[in-house]
Amino acid sequence: MLAADEFTNHHARPEPSIPRVLTILSFVMEKLVARNNTLADGLSQQLDGQSCGLAGIGKSLNVFHGVRAPSISIPKYLERLYKYTDCSPSCFVVGYVYIDRLLHKHPDSLVLSLNVHRLLVTSVMIASKMLDDVHYNNAFYARVGGVSNAELNRLEVELLFLLDFGVMVSSRVFESYCFHLEKETMFNGACQRIERPLLVLSDVAEIRENSQSSLPPQISENTESSSPPKIVD
């Protein structure tokens with residue numbers, strides 16, 4: 001457990017460089033969302049207004065849907081999560097594993113612009129709890145992710161049940177997903193390798209919000225690009 005002054009010193013250090021996994025994951029998720037948005041729009045038109053729009057497709061993920069898509073891009077959102085939560089790069093790979101498992105268990109569900117941000121913050125938070133020796137609590141992740149603490153608590157429980165609490169990821173599975181993500185970049189002419197630290201699943205300590213100085217800037221519509229606009233309900 002870190003003291004309040006240690007939080008201050010921790011966040012006063014220079015901004016960390018962006019790991020390659022964020023660039024790769026951003027590319028993969030943006031491509032997935034663009035394809036699914038097009039598919040969902042087509043399905044909505046075929047149903048001739050009988051559905052509830054994008055939110056009516058894939059009811060398993062309804063709890064993750066917002067009223068409208070946030071204006072912040074997926075790359076900027078992932079950068080914000082990494083910058084303020086200090087989770088390890090491996091958490092983003094494992095978070096992607098969770099999303100992929102979710103879609104295999106519930107094939108009627110689509111990752112869309114309406115739900116991708118909530119899915120990302122929830123999956124990365126759970127991954128951090130599984131992987132990192134020290135992690136921030138839900139209240140801190142909620143502030144970083146632009147949702148309320150109560151909502152993130154609900155999203156965490158929902159995701160765990162949708163996964164049947166299947167949140168363990170072996171080193172073999174982790175490596176296979178790294179290769180999968182790296183292959184996605186090969187189509188652009190150059191393959192980027194994802195950082196591969198040693199994965200050790202162990203008991204972790206939780207960092208609580210002990211001081212205002214430890215918090216990231218409040219999310220609002222007027223913040224700079226490093227701070228996402230509020231994700232509306």
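Aspartate 164 is a good place to start in this predicted model: at 56% relative accessibility, this residue counts as exposed, because the cut-off for that word is over 50%. Aspartate 164 forms a salt bridge with lysine 105, and the closest N and O atoms are 3.3 Å apart. Follow the chain on either side of that contact and you find lysine 105 in helix α4 and aspartate 164 in the loop between α7 and α8, so the bridge ties together parts that are 59 residues apart in sequence. Lysine 105, at 43% relative accessibility, counts as partly exposed.

That contact belongs to a set: searching the whole structure turns up four salt bridges. Another of them joins the side chains of arginine 118 and glutamate 151, with 2.7 Å from N to O. Here the partners sit in helix α5 (residues 116–131) and helix α7, 33 residues apart, and the pair links distant parts of the chain. How accessible are these two partners? Arginine 118 has a relative accessible area of 2% and is buried, while glutamate 151, at 7%, counts as buried too. Both values fall under 20%, which is why the word buried applies.

Now stay with helix α7, which spans residues 149–162 and also holds phenylalanine 161. This ring has a neighbour in phenylalanine 165: their centres are 4.9 Å apart and their planes meet at 75 degrees, so the pair is edge-to-face. The angle settles the label, because planes over 60 degrees apart count as edge-to-face. Are these rings buried or exposed? Phenylalanine 161 is exposed, with a relative accessible area of 55%, and phenylalanine 165 is partly exposed at 47%. Together with Val157, the two phenylalanines make a nonpolar surface patch of about 320 Å².

For aromatic contacts as a whole, the search finds four pairs. A second one to look at is formed by tyrosine 96 and tyrosine 177, again edge-to-face, at 6.0 Å centre to centre and 75 degrees between the planes. This pair links distant parts of the chain, with tyrosine 96 in helix α4 (residues 90–105) and tyrosine 177 in helix α8 (residues 171–186), 81 residues apart. Both tyrosines are buried, whereas phenylalanine 161 is exposed.

Tyrosine 96 leads us on to the largest pocket, since this residue is one of those lining it. Rolling a probe the size of a water molecule over the atoms shows where empty space is left. In the largest pocket, that space comes to about 210 Å³. Which elements give two or more residues to its lining? They are α2 (20–46), α4 and α8. The lining includes Val28, Leu32 and Arg35, as well as Ile99, Asp100, Leu103 and His180.

Two more lining residues, Lys31 and Glu184, bring us back to salt bridges. Lysine 31 forms one with glutamate 184, and their closest N and O atoms are 2.6 Å apart. Lysine 31 lies in helix α2 and glutamate 184 in helix α8, so this contact ties together parts that are 153 residues apart in sequence. The partners fall into separate accessibility classes: lysine 31 is partly exposed, with a relative accessible area of 41%, and glutamate 184 is buried, at 15%.

Key: Residues numbered from 1 in each chain as written. Predicted model: local features only at pLDDT ≥ 70, side-chain atom pairs only at ≥ 80, totals over all residues. Heavy atoms only, no water. Phe/Tyr/Trp six-rings, centres within 6.5 Å; stacked < 30°, edge-to-face > 60°. Helix = DSSP H or I, 4+ residues; strand = E, 2+ residues; numbered from the N terminus. Buried < 20%, exposed > 50% of the residue type's maximum accessible area, 1.4 Å probe, protein only. Patch = residues over 30% accessible without salt bridge, like charges linked within 9 Å, V, L, I, M, F, W, Y side chains within 5 Å. Areas by Shrake-Rupley, 256 points an atom, 1.4 Å probe, with all protein chains shown as cover. 1 Å grid on protein atoms, 1.4 Å probe; cavity = no way out; pocket = protein on both sides within 12 Å on 5 of 7 lines; lining within 4 Å. Points joined across faces, edges and corners; volume = space filled by probe spheres on them.
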